[in-house]
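Here is a short tour for anyone who likes to read a structure with the viewer open. Please keep the sequence at hand as you go.

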Amino acid sequence: MVIYGANGDLTKRKLMPALYRLAYEGRLAPGFAVIGLSRTAMSSDDFRDRMKDSVKKFLEDSPFDEDLWTSFAQGIFYLAGDVADQASYEAVRKCLSEVEESRKTEGNVLFYLSTQPSQYAQIAEGLGAAGLNKGNGWRRIVIEKPFGHDLKSAVELNARLQKVFEEKEIYRIDHYLGKETVQNIMAFRFGNGIFEPLWNRTYIDHVQITAAESIGVEGRGAYYQEAGALRDMIQNHLLQVMATVTMEPASSFTSDAVRDERAKLLRAVRIMRPDQVPDNAVAGQYGSGRSGSEKVPGFREEKGVHPDSQTDTYAAVTFLIDNWRWAGVPFYIRTGKALPKRVSEIAIQFRTAPLAMFRKATAGAETVPNMLILRIQPEEGISLRFVSKRPGSGMQLRPVSMDFNYGSSFGERSPSAYETLLLDAITGDATLYTRQDMVEASWSAVQPILDYWSTQKFAFPNYEAGTWGPKESDEMLARWGHTWRRP
Amino acid sequence: MAAGASIKPDGILKQLGELWTTMAKPEAAELSEGGVLRACAMTLISFVDDEEDALALGDILASLMKEHPSRAVVVRLKEGEDFLDARVFAQCWMPFGHRRQICCEQVEITASMDRLADVASLVGPIAVPDLPRMILLRSARLVRAGALRKILALGDKIIVDSARAGAPGFGELGGLLDAGHITGDLAWTRITELRALLAQLLDKRRPASILIEYAGKEAGPESRYLEAWLASSLEGCQVGLKGSGGAGDGKPRAIHVDTDLAVEIGHGAAEYDIGTLHRRASMSACSDQELLNSELSIVGHDLVFERALNHITA
């Protein structure tokens, strides 16, 4: 595995701990090797020491085994080089040959681009020019989001990548899809018989997808300023989650069969006209506020952020899906920073009972609709809300919740998203990776919003840190007669 | 969590998650052969003043969990400055003849009054989604605080006991009603048995006047509620209040209906004559736990209570 951007945060926090954990579980081939490449000058020994510190620090729910590390570290190498310099690719080729010989890797190579997105195409082309896209074994390339910064650049990036690698060799990683609970959505829908018959416009009133962060940008303001919530979360992670919730059942659980259905769903997302954007998309930016005992500075007070920044730290969008199953059902997606708690979940609200026969007995209280909650994080699980009669005389109804909790039900550790996805890439299973047509379809869905917002001057900040976003977001749902759920 | 440390909703929720994961592990489950069942039907947020009341509340919550299992959030408000601390734990009980423990989680937050804004931003996010949020307001300090409205906005229903010292007055309760809050008052719940008895006695009558006699110089909230309930229920009936003078708790001690029916209240019973028959009905002095148990059962609006409260505040 060749990691570009090996001295970066992602390698330290996610990739290397995930690889170590896979080694701990004996899921990597004995000759597995990592070649790290970045501009920083250091020896392989220095790199190993840094990675050891990172693994110790960021390894979650696992013990650190010194002996295992010693063995694992024998397969770690480092090259200093600039991706703009073709000589660096020659150095990689030379190192790969040596590793192939010494560790018997059979020529299989996974290139992992953990660099600036602007370098993806350049690196792919450099690999192609050096002939590294072909070899004795398989060659695959993993790229991190963002896959372009708009539809046009995504199409261009795909075209440049595909000049060097075949589509089946390109693995676009969306770590949300690697989360156990996102995978479990498919198990829940297609492994059980009771919910799928209800999974349509006849029984489902609307769906809310929330990905809330309680922290602000915390020093990453300069980076975040270029992205924004819509690009950073909705275009990729949350539209993929929505596709997983709403796609048709695949004929088999194979990579292309599943991805075909996801792509088909994403292509069915209604593309907004510019005049529809104000009613269906809300941008927000947090001002200063509190989260428990901590004061959270406003986004514009963050280092590196322009004092008049127009970046959206909150975005909420109403999507409609134009297909037979979902016509007319609104899908509300919201994401934001500096919200009251960290939570990612999908709330599926079913239609109310057709007759409120208990209204009199419940003192005029409205009928409480059934709700199914698929919790992605932090407390992974599934809840079903329904009403029940309270024991005793009279007919007093009250909402109750039936709860399944991963942690306490299975009691065993769930693999991290990167463990799952790295192992999938190594074994050639692209089911949980996004494909070119999926990426372009999701960009198509958000592009009108980006275009419209780029013409606006927002009165930011419009929500206080530690609250659930701007009031315009509530108004967006109110137009449909709905309210945001309190997660 | 140590006092002075950073306390955030995510940290408390993480601790709660770890608590249940630990309790689900086989070694913990061995304590009861059948494991543990996490029970929760609401979030019950209680605001109390001092340690003494917090201890009393602890007993009440432990009793309530059988009928109203909840995520109990107890906020202890104290004098002093710049103090905020939180801890989580579980309370369990084993139903007789069962092998599985039933457990409820509890979050205890201790805060000085100057940290009320922090408390508001902590309590909202840790409430259980989709289930009722009940606020039990027993803190006189909080009633006096400026941040009261912000705190009370966290709940679906606010329960007070207007008979307690420092409790919100009828005007404040009416203000909460007007602001759209569902409210409950244990002083009202305390007269439930008496109201049930009077409803039976007056079912076939159209009384012209009713006089409620209370102990002491000033009518307590129970007497005021009784008057308001009768006046708002019996059109054309003259309902009055009369104190016995001297010392007294202000609670109703006799109800005179026209000139032919008198209900004497005292010693845990109500006594009255119908014709030549002398009748006695038990009027148990309900504990706080029993009153709360009853009030927590009403999640939505109690229209009869609201009508009585509106009558008082009109």
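The report below looks at chain B, then at its contacts with chain A, and ends with one helix of chain A.

**Chain B as a whole**

Please bear in mind that this is a predicted model. Chain B is built with 12 helices and 14 strands. The table gathers some overall values for this chain.

| Property of chain B | Value |
|---|---|
| Span of the C-alpha trace along its principal axes | about 70 × 50 × 35 Å |
| Share of the 314 residues that count as buried | 39% |
| Share of contacts between residues at least 6 apart in sequence that join residues at least 24 apart | 73% |

**An open sheet in chain B**

A good place to start looking is an open sheet of 6 strands in chain B, which runs in the order β10-β9-β11-β12-β13-β14 with mixed pairing. Its edges are β10 (238–243) and β14 (277–282) of chain B, each of which pairs on one side only. From one strand to the next, the twist averages 15 degrees.

Let us zoom in on one edge. There, β9 (residues 209–214) of chain B pairs with β10(B) in the parallel sense, over 6 bridges. Within this region, B:Ile212 stands opposite B:Leu241 of β10(B).

**Where chain B meets chain A**

Turning to the interface, 30 residues of chain B are in contact with 31 residues of chain A. On the chain B side, α1 (9–24) and α4 (116–126) each supply at least two of the residues that touch chain A. The largest share comes from α1(B), with 8 residues. Sorted by class, this side of chain B has 15 nonpolar, 8 polar and 7 charged residues.

**Helix α13 of chain A**

Is helix α13 of chain A mostly covered or mostly open? This helix, residues 417–427, is mostly covered, with 8 of its 11 residues buried. The start of the helix contributes a run of them: A:Ala417, A:Tyr418, A:Glu419, A:Thr420, A:Leu421 and A:Leu422 are buried, and so are A:Ala425 and A:Ile426.

What do the buried residues of α13(A) pack against? Their partners in chain A are the helix α1 (9–24) and the strands β4 (109–113), β5 (139–144) and β6 (170–173). Just after α13(A) comes A:Gly428, which takes a positive phi of about 80 degrees.

Notes:
Residues numbered from 1 in each chain as written. Chains lettered and ligands numbered in written order. Predicted model: local features only at pLDDT ≥ 70, side-chain atom pairs only at ≥ 80, totals over all residues. Buried ≥ 20, exposed ≤ 12 C-beta atoms within 10 Å, placed from the backbone. Helix = DSSP H or I, 4+ residues; strand = E, 2+ residues; numbered from the N terminus. Contact = placed C-beta atoms within 7 Å. Nonpolar A, V, L, I, M, F, W, Y, C, P; charged D, E, K, R; others polar. Pairing = 2+ DSSP bridges. Axes fitted to C-alpha atoms, helices over the stretch in contact; angles between N-to-C directions.
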